[in-house]
Amino acid sequence: MPELKPCPFCGGEDIRCSFKVSGRFIKQYRVAMFCNDCHTYGPRVLTIKTDPDDYRGRCLITKDEKYEAAATEAWNRRADNG
């Protein structure tokens, strides 16, 4: 897995992968990197919406390395200011 760059806002190095679920009727699952120092989220790399007609619509995403690698890549993507 690629090495994480420090946070672009605070320079913190305590970066973690965040797997979130939200929504009351239609569940949305998102994966992004998160700075634990200044509480900044990176770009979301995965969003899954469940079928609203499926009352059980509670499919869970697995904390898979491929999602974390995609979130790491998005976090490390920065504009070159040089």
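A residue counts as buried when its relative accessible area is under 20%. With that cut-off in hand, Cys35 is an easy call: its relative accessible area is 0%, so it is buried. Keep in mind as we go that this is a predicted model. The protein averages a pLDDT of 80, and 71% of the residues score at least 70. Confidence varies from element to element: helix H1 has the highest mean pLDDT, at 90, while strand E3 (residues 46-49) has the lowest, at 68.

Let's start from the inside. Which residues make up the largest nonpolar core? There are 9 of them: Cys7, Ile15, Val31, Met33, Cys35, Leu46, Tyr67, Ala71 and Trp75. Two elements each give two or more residues to this core, namely strand E2 (28-35) and helix H1 (65-76). As a general backdrop, nonpolar side chains tend to be buried together in soluble globular proteins.

Two of the core members are cysteines, Cys7 and Cys35, and they're worth a stop. Cys7 is buried as well, at 4% relative accessible area. How many disulfides does the model hold? The count comes to 0. For Cys7, the closest cysteine sulfur belongs to Cys38 and sits 3.6 Å away; a disulfide needs the two sulfurs within 2.5 Å, so this pair is too far apart for a bond. It's a similar story for Cys35, which is in no disulfide: the nearest cysteine sulfur is that of Cys10, 3.7 Å away.

Now for the aromatic rings. The model has 1 aromatic pair, formed by Phe34 and Tyr41, with ring centres 4.7 Å apart. Is each partner buried or exposed, or something in between? Phe34 counts as buried, with 14% relative accessibility, whereas Tyr41 is partly exposed at 41%. As for geometry, the planes meet at 45 degrees, and the pair is classed as tilted.

Finally, have a look at Asn76, which lies in helix H1. Asn76 is buried, with a relative accessible area of 14%. What does its side chain reach? The answer is the backbone nitrogen of Lys5, at 2.8 Å. Lys5 has company here: leaving aside residues up to four places away in sequence, Asn76 touches Pro2, Glu3, Leu4 and Lys5. So if you're tracing helix H1 in the viewer, you'll find Tyr67, Ala71 and Trp75 among the core residues, and Asn76 in contact with residues including Pro2 and Leu4.

Technical notes. Residues numbered from 1 in each chain as written. Heavy atoms only, no water. Core = buried A, V, L, I, M, F, W, Y, C linked by side-chain atoms within 4.5 Å. Buried < 20%, exposed > 50% of the residue type's maximum accessible area, 1.4 Å probe, protein only. Helix = DSSP H or I, 4+ residues; strand = E, 2+ residues; numbered from the N terminus. pLDDT = per-residue confidence, 0-100. Phe/Tyr/Trp six-rings, centres within 6.5 Å; stacked < 30°, edge-to-face > 60°. Polar contact = N/O pair within 3.5 Å; in protein donor to acceptor, adjacent residues only side chain to side chain. Contact = heavy atoms within 4.5 Å.
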